[in-house]
Amino acid sequence: MKDLSGAQTVIEAKGVGLVFETGDGPLQALKDISLTIERGEFVSFIGPSGCGKTTLLRAIAALEYPNEGTLTVNGMPPDKARQSRAYGYVFQAAGLYPWRTIAGNVQLPLEIMGFSRAERAERVARVLKLVDLDGFGKKFPWQLSGGMQQRASIARALAFDADILLMDEPFGALDEIVRDRLNEELLKLWAATSKTIGFVTHSIPEAVYLSTKIVVMSPRPGRITDVIESTLPRERPLDIRDSAEFLEIAHRVREGLRAGHAYD
Amino acid sequence: MIWAWGSLAFWALATALNVWLARAHSRNRAVRLFIPALFGATLLLVWEGLVRSLGVSPVILPPPSMIGVRIAESLPILWADFSQTILKGALSGYLIGCGVAVAVAVLIDRSPFLQRGLLPVGNFVAALPIVGIAPILVMWFGFDWQSKAAVVVVMVFFPVLVNMVAGLKATDALQRDQMATWSASYWQGLFKLRMPAAMPFLFNGLKIATTLALIGAIVAEFFGSPTRGMGFRISTAVGQLDLPLVWAEIAVAAFAGSAFYGLVAVIEKGVTFWHPSQRGRA
């Protein structure tokens with residue numbers, strides 16, 4: 001499946017800037033962002049609150065529109081890419097509809113995109129298995145734990161089989177034990193599906209553990225201070241986090257955050 | 001005098017029993033139904049006892065037994081009045097008024113112009129006194145149930161509209177962003193997200209509207225009606241000093257109103273089973 005010969009650019013940003021009009025005047029949320037993401041990469045965006053990492057992800061998803069520069073997804077403007085179902089988006093909160101069962105929630109985007117009933121059932125069963133939720137399809141979201149709800153929301157983003165998965169601090173609200181497990185499962189899922197993943201986080205260990213590329217950002221205005229290509233192998237057991245290599249990358253991320261005055 | 005003391009003694013005993021039951025056995029479903037039933041029975045008995053022993057004139061306040069007898073005697077009249085006022089006037093007006101309110105709420109939600117223009121007008125109409133508009137609507141739509149339904153439409157429209165408009169705004173930014181990431185159309189967003197999310201709000205309005213519908217349909221008959229209907233019967237029976245019949249109509253109205261409200265509440269429970277306010281009551 002994977003094209004190993006020539007890397008294929010999936011997301012490309014050139015000099016992207018974005019200004020929000022607020023009550024206190026204009027706010028430069030992103031400034032001069034240039035970045036390329038290749039097919040099959042796992043890219044983390046890390047930085048403190050207000051550094052624009054979520055805004056950048058939202059701009060890629062055409063939920064915000066940049067004022068300057070060019071941003072393309074699969075060679076198209078972001079909103080065209082969205083209409084061609086280029087990506088699935090996982091938000092900070094699971095945001096499942098309480099009046100729908102887990103299976104009903106997962107098939108919601110499929111209903112909207114007009115998949116046939118049989119295909120919906122087949123896809124729902126497959127992605128629920130993928131996130132280890134088979135047997136929970138008939139439950140309602142409020143009957144499940146927070147971690148299971150977030151897994152269901154990942155299943156929902158996977159259901160229509162987009163090549164790109166954008167995740168905005170999907171595990172931010174979960175406790176560390178659950179988060180570790182979901183991180184591990186996410187890596188397996190990535191290996192199994194060979195998707196391109198954009199992942200926003202403010203946890204250094206999470207970013208280093210998951211990513212092939214770490215984008216370090218800093219606030220006021222939101223900009224990129226460092227892009228780190230991870231040297232870790234693709235196959236990553238949890239205890240890789242104690243290795244010297246891991247700690248070295250984590251150190252470099254921390255340095256990048258400090259250089260951007262992220263700790264001010 | 002035996003009636004007065006007897007009923008007061010029963011009241012004391014029943015209250016003691018109820019307090020004990022409520023404290024000790026309130027988890028039991030049968031007991032939870034029994035407590036209000038006993039309370040109601042006590043109220044009727046004390047009423048009966050005091051009215052009889054103090055020799056109150058039936059014109060002022062008839063004893064409940066007399067009202068019960070009157071209900072049993074006049075079942076055909078009561079049924080005719082019930083079907084004229086509740087089934088034809090109130091119910092059809094309720095369905096039309098609530099249906100139009102939901103449709104207008106969707107329009108208002110879509111257009112900022114209507115939001116600014118129509119909501120204040122709705123507010124204005126809701127503030128009109130029913131005794132003022134009822135005679136006018138009777139002039140317009142005739143004496144029969146159609147004019148009563150029109151009064152009911154005017155009365156239920158605004159509370160349902162306001163609740164539905166609020167309900168359609170009840171989704172949060174995250175849910176709307178999700179719909180955007182799936183490139184959902186306006187109608188898909190409306191039917192798959194915003195309508196279901198608005199249901200708890202809508203049912204608040206629908207429940208308020210049940211009582212308003214009854215009041216509207218009954219009061220509107222005071223301003224002209226065929227020779228049947230609950231409002232017509234109440235106003236003529238008062239003129240004939242036939243107070244037991246007035247009370248009989250009031251009892252029917254009270255039961256119909258409670259049943260109507262209860263029916264809407266049961267439907268609400270089925271539709272909004274997922275809402276935190278309903279989940280605990282499974």
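This passage describes the interface between chain B and chain A in a predicted model, together with the domain division of chain B.

The contact between the two chains draws 18 residues from chain B and 23 residues from chain A, and the area buried between them amounts to about 2,000 Å², of which 68% is given by carbon and sulfur atoms. Within chain B, the residues that lose the most area to chain A are B:T181, B:W182 and B:K192, which together account for 34% of what that side buries.

With regard to charged and polar pairings, 2 salt bridges are found across the interface of chain B and chain A. A salt bridge joins the side chains of B:K192 and A:E111, with an N to O distance of 2.9 Å; B:K192 is also among the residues of chain B that lose the most area to chain A. Between the two chains, 6 residue pairs are in polar contact, with both residues at pLDDT 80 or more.

The elements of chain B that contribute two or more residues to the side touching chain A are α8 (173-181) and α9 (186-220), and of the elements on this side α8(B) gives the most, with 7 residues. Classified by residue type, the side of chain B that touches chain A comprises 10 nonpolar, 5 polar and 3 charged residues.

As to the organisation of chain B itself, the chain is divided into domain 1, covering residues 2-56, and domain 2, covering residues 71-279, and the C-alpha centres of these two domains of chain B lie 34 Å apart.

How values were computed. Residues are numbered from 1 along each chain as its sequence is written. Chains are lettered from A and ligands numbered from 1 in the order in which they are written. This is a predicted model: local features need pLDDT of at least 70, side-chain atom pairs count only at pLDDT 80 or more; totals for chains, interfaces and linings use all residues. Side-chain values use heavy atoms; hydrogens and water are left out. Contact means heavy atoms within 4.5 Å. Buried area is the accessible area (1.4 Å probe) that two parts lose on being put together, summed over both. A salt bridge is a side-chain nitrogen of Lys or Arg within 4 Å of a carboxyl oxygen of Asp or Glu. A polar contact is a pair of N or O atoms within 3.5 Å; within protein, one must be able to donate a hydrogen and the other to accept it, and residues adjacent in sequence count only if both atoms are side-chain atoms. Helices (H or I, at least four residues) and strands (E, at least two) are DSSP runs, numbered from the N terminus. Ala, Val, Leu, Ile, Met, Phe, Trp, Tyr, Cys and Pro count as nonpolar, Asp, Glu, Lys and Arg as charged, and the others, Gly among them, as polar. Domain bounds come from an automatic or database domain assignment.
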